[in-house]
Amino acid sequence: MARKQPVTPWTLYVDESGSFTEVEDDVVVCGLLVRDDIPGLSIAEVRQSLESAVPGFPWPWHASLINNASWVAFVLGERQLSASHPDADIRWLAEAVRRVNDGFADRFGDRYLAIRTRLASDGEAGQIKLNELADFEGLLREAYPAELEAIRAHSQRARAAVKQFANALAIRAASTGDATAALLLFSSETVRGDARSEPESVLGDRRYFRLLEVLVDRAAATLARRGGAHELSLDVSERRLIDPLFRRPAKQLTQHVDRELSALRAKWRHSVRIVARAVTPFDRHIGMRFVVADFAANRGRRALRRGAVPLKDTETDVETHLALAVRSGTPPRSHLAASGDAYALCQLPGSDGPAALSYERPRRRWACEQAWEWCAR
């Protein structure tokens with residue numbers, strides 16, 4: 001009797017960036033793909049390290065919020081940075097944050113107090129919407145330029161710390177003899193909003209699920225090119241959708257992911273077993289790998305929205321900021337994927353890519369080029 005082929009287990013940590021309900025918005029779904037035997041760090045170790053490097057930010061870190069200077073001023077004011085910190089820059093930042101918060105209180109009164117109250121409650125620090133902070137952001141830019149510079153420098157420390165953790169993950173992967181055991185993958189659109197051309201899902205928001213399908217398909221294709229058998233477990237960041245039975249908003253469940261990816265599971269069943277393992281809330285219990293995926297999604301959204309930039313330059317942009325590879329295999333192929341015409345072309349290996357999918361606006365150049373690559377003989 002033939003011996004069963006050993007199965008290599010992987011986990012894809014999935015997060016997204018952008019508004020999937022606004023067609024004019026650019027969106028991206030990002031996956032951090034890690035082989036399951038790559039060692040990780042405990043949440044306590046990570047939080048201690050990050051608090052030492054970047055004091056004052058509540059856990060977990062959200063890339064979109066850290067990019068907002070007024071949110072940073074709020075949370076640092078709430079957590080009261082030490083005016084006697086050994087780092088002179090942090091001491092100056094503590095005084096700058098105090099001045100900014102005094103200015104917010106004088107100008108906005110009850111609105112300021114309401115946000116501070118929410119930030120003081122458990123779990124609310126990451127739930128503030130950016131549009132709630134527009135007026136505060138405007139005052140900060142207008143009246144506190146020096147303080148704004150210090151706040152932005154602190155945010156840059158946070159981005160550097162996340163990149164350091166991503167780099168450490170890549171180093172741990174390389175130490176196992178396989179530098180491609182930790183990778184980043186992205187899916188966006190050939191044309192803004194083209195994922196909405198798909199039939200509407202009973203779960204609502206087909207745009208998100210279409211891009212999730214594109215992402216998981218690229219992850220499975222990347223694993224299949226390695227040869228052998230693989231199990232791809234999906235750990236998806238929790239989001240809201242429409243309950244198919246009661247037709248009302250509900251939290252996403254693994255059953256919803258299974259339902260939307262059923263055709264994909266069948267497509268790859270002989271080489272990559274796809275399992276929806278978890279839907280994970282982005283709360284204080286979340287691990288560092290999800291934070292890396294969140295930062296990658298935020299950076300990827302900026303990089304992938306540009307229409308005329310070549311694939312190589314787009315990949316370099318993402319890799320420079322996250323220190324994890326977005327290309328692997330022999331010959332190397334891109335981990336950037338796109339929906340619409342680009343996704344359709346990738347299902348036709350051996351076709352003449354540029355003839356079948358020409359680069360012309362409003363298509364994105366990187367999206368066309370990665371599709372040409374994947375359909376090449």
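This is a short walk through one structure, covering its sheet, its core, one covered helix and its aromatic contacts. Keep in mind that the model is predicted.

I'll start with the sheet. Six strands make an open sheet with mixed pairing, in the order S7-S4-S1-S2-S3-S10. At the edges are strand S7, residues 272-280, and strand S10, residues 336-338, each of which pairs on one side only. On average, neighbouring strands of this sheet are turned by 25 degrees against each other, direction ignored.

Take S1. Eight bridges join S1 to S4, and the two run parallel. One bridge there puts Thr11 opposite Ser233 in S4. S1 is also joined to S2 by eight bridges, but here the strands run antiparallel. In that pairing, Leu12 has Leu33 of S2 as its bridge partner. How much of S1 is buried? Eight of its 11 residues are, so the strand is largely enclosed by the rest of the structure.

At the S10 edge, strand S3, residues 182-188, pairs with S10 in the parallel sense over three bridges. Phe186 has Leu336 in S10 as its bridge partner. Helix H8 packs on the sheet, where it touches S1, S2, S3, strand S4 (229-237), S7 and S10. The direction of H8 makes about 145 degrees with that of S3.

Next, the core. The largest nonpolar core has 118 residues, and Trp61 and Leu232 have the most contacts inside it. What does Leu232 touch, leaving aside residues up to four places away in sequence? The list includes Trp10, Leu12 and Leu33, then Val216, Ala219, Ala220 and Leu223, and also Val272, Arg273, Ile274 and Val275.

Now the covered helix. H3 spans residues 69-79, and nine of its 11 residues are buried. Among them are Trp71, Phe74 and Leu76. The buried residues of H3 pack against helix H2 (63-66), helix H4 (88-108), helix H5 (110-120), helix H6 (134-143) and helix H7 (145-175). After H3 comes Gln80, which has a positive phi, near 55 degrees.

Last, the aromatics. A search of the whole structure finds 11 aromatic pairs. Why is the pair of Phe20 and Tyr208 edge-to-face? The ring centres are 5.5 Å apart and the planes stand at 90 degrees, and edge-to-face takes an angle over 60, so the pair qualifies. Phe20 sits in the loop between strand S1 (7-17) and strand S2 (28-35), while Tyr208 is in helix H8, residues 206-224. The pair therefore links distant parts of the chain, 188 residues apart. Both partners are buried: Phe20 has 3% relative accessibility, and Tyr208 has 0%.

Another edge-to-face pair is Phe57 with Trp61, at 5.7 Å centre to centre and 85 degrees between the planes. Phe57 is buried, at a relative accessible area of 4%, and Trp61 is buried at 2%. Trp61 is the residue already named with Leu232 for the most contacts in the largest nonpolar core.

There is also one aromatic cluster formed by Phe74, Phe104, Phe108, Tyr112 and Phe136. Phe74 is one of the buried residues of H3.

Two arginines finish the list. The charged end of Arg239 sits over the ring of Phe20, 5.2 Å from its centre. Arg99 lies over the face of Trp92, at 5.1 Å from the ring centre.

Key: Residues numbered from 1 in each chain as written. Predicted model: local features only at pLDDT ≥ 70, side-chain atom pairs only at ≥ 80, totals over all residues. Heavy atoms only, no water. Phe/Tyr/Trp six-rings, centres within 6.5 Å; stacked < 30°, edge-to-face > 60°. Helix = DSSP H or I, 4+ residues; strand = E, 2+ residues; numbered from the N terminus. Buried < 20%, exposed > 50% of the residue type's maximum accessible area, 1.4 Å probe, protein only. Lys NZ or Arg CZ within 6 Å of the ring centre and 35° of its normal. Pairing = 2+ DSSP bridges. Axes fitted to C-alpha atoms, helices over the stretch in contact; angles between N-to-C directions. Contact = heavy atoms within 4.5 Å. Core = buried A, V, L, I, M, F, W, Y, C linked by side-chain atoms within 4.5 Å.
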